[in-house]
Amino acid sequence: MGDIGSITGGEDGEGLFLPHKMKEFEKLHPGTHSKVVLSLEIVQDAYARYGDRLGVSFNGGKDACVVLELFRLVLAQAGHLRDLHCHPALYYRDDSCFREVDDFVRERRKSVGMRLVKTKSLGMKEGLQEFIDATSCAAILMGTRTGDPHSIGLTPFAETDGDWPRVVRVNPILTWTYADVWCFLRFFQLPYCVLYDNGYTSIGSKGNTERNEDLKQCDGSYLPAYMLQDGSRERHGRRK
């Protein structure tokens with residue numbers, strides 16, 4: 001990939017992280033910086049392979065926020081940031097979704113010009129098929145990290161298997177840690193769902209998600225997610 005420090009936040013770049021700060025980021029956080037560079041190369045490769053048939057999964061979670069921003073930077077470098085709406089964003093939504101997540105997804109859709117495709121099916125498999133049928137996407141950018149459920153054996157480009165609908169899952173942040181995610185989001189002051197500031201470290205549905213007790217204070221309040229010291233306890237608030 002070209003010099004990411006050469007991109008500015010112009011061309012409808014609302015919320016686009018400021019690439020001119022990458023030199024400072026590299027100096028302060030060299031480990032995470034190297035992962036950002038590798039992830040951008042994967043996203044750029046996916047964009048070159050699939051063009052307008054590349055979609056993005058956006059559930060409003062912290063990992064999805066990272067991937068969306070990486071994709072927007074790749075589009076900006078290609079001079080195509082205004083074409084984000086040409087790349088459908090998959091949003092699994094049901095009645096158990098947190099209102100705060102739904103509000104955040106809607107706000108990001110409006111602010112960056114995403115074409116959000118909400119699935120109506122109850123299951124993820126059926127929802128994915130619904131998305132593919134509606135968009136003809138051949139590949140989807142995902143926010144999966146190593147250690148997440150069903151992440152064993154995944155590679156940056158992994159086609160679905162078994163009886164799942166056929167699509168290539170592009171996984172640009174597999175090697176990122178919990179700390180990497182928050183380092184990136186906070187350094188570049190990128191938006192994320194307000195629940196993360198209220199003790200939630202991993203967000204699913206209302207039925208399986210609670211605040212992380214590792215962040216609970218003596219007065220009953222909770223620290224924000226980025227204060228979690230042990231990243232392996234990220235899913236401590238998830239019941240399944």
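In helix α6, the buried residues are Tyr178, Asp180, Val181, Trp182, Cys183, Phe184, Leu185 and Phe187. The model is predicted. Helix α6 is a good place to enter it.

**Helix α6 and what follows**

Eight of the ten residues of α6 are buried, so this helix is mostly covered. What do the buried residues of α6 pack against? They pack against α1 (22-28), α2 and α3.

Just after α6 comes glutamine 189, with a positive phi of about 55°. Glutamine 189 is exposed, because its relative accessible area is 70% and the cut-off for exposed is over 50%.

Tyrosine 200 also lies in the segment after α6. Is tyrosine 200 buried or exposed? Its relative accessibility is 9%, so tyrosine 200 counts as buried. Leaving aside neighbours within four places in sequence, tyrosine 200 is in contact with Phe98, Leu195, Thr209, Glu210, Arg211 and Ala225. Tyrosine 226 is 26 residues away from tyrosine 200 in sequence. In space, the two C-alpha atoms are 9.7 Å apart.

**Helices α2 and α3**

Two packed helices are described by the angle between their axes and the distance between the axes. Take helix α2 (residues 30-50) and helix α3 (residues 62-77). Their axes come within 9 Å and cross at roughly 65°. The crossing is right-handed.

Which residues meet here? From α2 come Val36, Ser39, Leu40, Val43, Gln44 and Tyr47. From α3 come Leu70, Phe71, Leu73, Val74, Leu75 and Gln77. By class, this contact has nine nonpolar residues, three polar ones and no charged ones.

Helix α3 can be checked for length. It has 16 residues, and at 1.5 Å a residue they should span 22 Å. The end C-alpha atoms of α3 are 23 Å apart, which agrees. Helix α3 is also largely enclosed by the rest of the structure, because 15 of its 16 residues are buried. Just after α3, glycine 79 takes a positive phi of about 80°.

**Positive phi angles**

Most residues other than glycine have a negative phi, and most peptide bonds are trans. Here are three residues with a positive phi, one of them a glycine.

| Residue | Phi | Place |
|---|---|---|
| Glycine 79 | about 80° | just after α3 |
| Serine 136 | about 65° | loop between α5 (124-135) and β4 (139-141) |
| Glutamine 189 | about 55° | just after α6 |

Serine 136 has its positive phi although it is not a glycine. Glutamine 189 is likewise a residue other than glycine. How accessible is serine 136? Its relative accessibility is 45%, so serine 136 counts as partly exposed.

**The sheet**

Six strands form an open sheet. In what order do the strands lie? The order is β3-β2-β1-β4-β6-β5, and the pairing is mixed. The edge strands are β3 (116-119) and β5 (157-159), and each pairs on one side only. Neighbouring strands of this sheet are turned by 30° against each other on average, direction ignored.

Start with strand β2 (residues 89-92). Four bridges join β2 to β3, and these two strands run parallel. Tyrosine 91 has lysine 118 in β3 as its bridge partner.

Next comes strand β1 (residues 54-57). In a regular strand the side chains alternate between the two faces of the sheet. In β1, Leu54 and Val56 point one way, while Gly55 and Ser57 point the other way. All four are buried.

Strand β1 pairs with β2 in the parallel sense over two bridges. There, valine 56 has alanine 89 in β2 as its bridge partner. Strand β1 also runs parallel to β4, joined to β4 by three bridges. Glycine 55 stands opposite isoleucine 140 in β4.

**A buried arginine**

Arginine 145 lies in the loop between β4 and β5. Why does arginine 145 count as buried? Its relative accessible area is 3%, and buried means under 20%, so arginine 145 qualifies.

Which residues does arginine 145 contact, leaving aside its neighbours within four places in sequence? They are Lys62, Asp63, Ser151, Ile173, Leu174, Trp176, Thr177, Tyr178, Val181 and Glu234. Among them, Tyr178 and Val181 are also buried residues of α6.

Methods: Residues are numbered from 1 along each chain as its sequence is written. Side-chain values use heavy atoms; hydrogens and water are left out. Axes are lines fitted to C-alpha atoms, for helices over the stretch in contact, and angles run from 0 to 180 degrees between N-to-C directions. A crossing is left-handed if the near helix is turned anticlockwise from the far one by less than a right angle, and right-handed if clockwise. Contact means heavy atoms within 4.5 Å. Ala, Val, Leu, Ile, Met, Phe, Trp, Tyr, Cys and Pro count as nonpolar, Asp, Glu, Lys and Arg as charged, and the others, Gly among them, as polar. The expected span of a helix is 1.5 Å times one less than its number of residues. Buried means under 20% relative accessible area, exposed over 50%, partly exposed in between (1.4 Å probe, protein chains only). Two strands pair if DSSP finds at least two bridges between them.
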